[in-house]
Amino acid sequence: MGPFREGSGALLRHHEPVGHEHVRLPAVGPGPASGGVAGDSSPAGAPRSRRVCGMQRTQSVLLTRLARVNPTGVFLAALVLVLVGLFAPGIVGGALLLALAVGLAALLVTTWPVQRPATRILRLVILTLLVGAALMKILS
C-alpha cells in the first residue's frame with residue numbers, strides 16, 4: 001500500500017485528505033418552496049449571501065467580476081491598446097500607454113500577495129517597459 005492510496009489515511013496526490021475529497025457546500029438564499037431559486041435554503045425575504053464564484057463576502061465585487069473575465073479577450077484588448085498607443089502620434093499614444101500602465105499597476109497591487117516572486121518580477125519589468133515607452137512617446 002503506497003502513500004497515495006485511498007483509505008490509507010494519507011493524502012491524495014492533490015494534497016487533500018481522503019475523507020474531505022468531496023465536501024458539499026451549503027446552499028444559500030431562498031428555497032423553491034418559498035418562491036426562491038432551486039437549491040437555496042433561506043426563507044423568502046432573508047438577505048441572500050453575496051458569495052459568488054467561491055469567493056467570500058469580504059472580497060471585492062470588482063475581483064469577482066475580474067475572475068469571470070475571458071483571459072483571451074483581455075489579452076487581445078491589451079494588445080490592441082498597446083499597438084494603438086505605440087503607433088498613435090505623440091502625446092495621444094503616450095497617454096494611452098500611461099492609462100494602460102495605471103491599470104496594470106492597479107492589477108499588480110491587487111494580486112501582489114498571491115503571486116510567486118518570479119511572476120512579480122516579470123510584471124514589474126513589463127510595467128517599467130510600458131511606462132518607459134509612454135514617457136518616450138510623450139517627451140519626443
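Does Lys137 count as buried or exposed, and at what relative accessibility? The view of helix α4 below takes this up, after an overview of the chain.**Figure 1. Overview of the predicted model, a protein chain of 4 helices and 0 strands.** The model shown here is predicted, and from the N terminus on its elements run α-α-α-α. Of the 140 residues of the protein chain, 15% count as buried.

**Figure 2. Close-up of Lys137 in helix α4.** To return to the opening, is Lys137 buried or exposed? Lys137 counts as buried, because its relative accessibility is 18% and the cut-off for buried is under 20% relative accessible area. Although Lys137 and Phe87 are 50 residues apart in sequence, their C-alpha atoms are 9.7 Å apart in space.

**Figure 3. Close-up of Leu97 in helix α3, with Lys137 of helix α4.** Leu97 is buried, since its relative accessible area is 1%. The C-alpha atoms of Leu97 and Lys137 are 8.9 Å apart in space, while the two residues are separated by 40 residues in sequence.

**Figure 4. Close-up of the largest pocket, with a volume of about 1100 Å³.** Of the 28 residues that line the largest pocket, Leu66, Val74, Gly103, Leu104 and Leu107 are the closest to its centre. The elements that give two or more residues to this lining are α1, α2 (71-87), α3 (90-111) and α4 (117-139), and the largest share, 9 residues, comes from α3. By kind, the lining of the largest pocket divides into 23 nonpolar residues, 4 polar residues and 1 charged residue.

**Figure 5. Close-up of a nonpolar surface patch of about 470 Å².** The patch is made by Leu62, Leu63, Leu66, Val69, Val74 and Leu107. Helix α1, which covers residues 61-68, gives the most to the nonpolar patch, with 3 residues. Leu66, Val74 and Leu107, which belong to this patch, are also among the residues closest to the centre of the largest pocket.

**Figure 6. Close-up of Leu63 in helix α1.** Leu63 is one of the residues that make the nonpolar surface patch. Leu63 counts as partly exposed because its relative accessibility is 30%, a value that falls between the limits of under 20% for buried and over 50% for exposed. Leu97 in helix α3, shown in an earlier view, is by contrast buried, with a relative accessible area of 1%.

Methods
Residues numbered from 1 in each chain as written. Predicted model: local features only at pLDDT ≥ 70, side-chain atom pairs only at ≥ 80, totals over all residues. Heavy atoms only, no water. Patch = residues over 30% accessible without salt bridge, like charges linked within 9 Å, V, L, I, M, F, W, Y side chains within 5 Å. Areas by Shrake-Rupley, 256 points an atom, 1.4 Å probe, with all protein chains shown as cover. Salt bridge = Lys/Arg side-chain N within 4 Å of Asp/Glu carboxyl O. Buried < 20%, exposed > 50% of the residue type's maximum accessible area, 1.4 Å probe, protein only. 1 Å grid on protein atoms, 1.4 Å probe; cavity = no way out; pocket = protein on both sides within 12 Å on 5 of 7 lines; lining within 4 Å. Points joined across faces, edges and corners; volume = space filled by probe spheres on them. Nonpolar A, V, L, I, M, F, W, Y, C, P; charged D, E, K, R; others polar.
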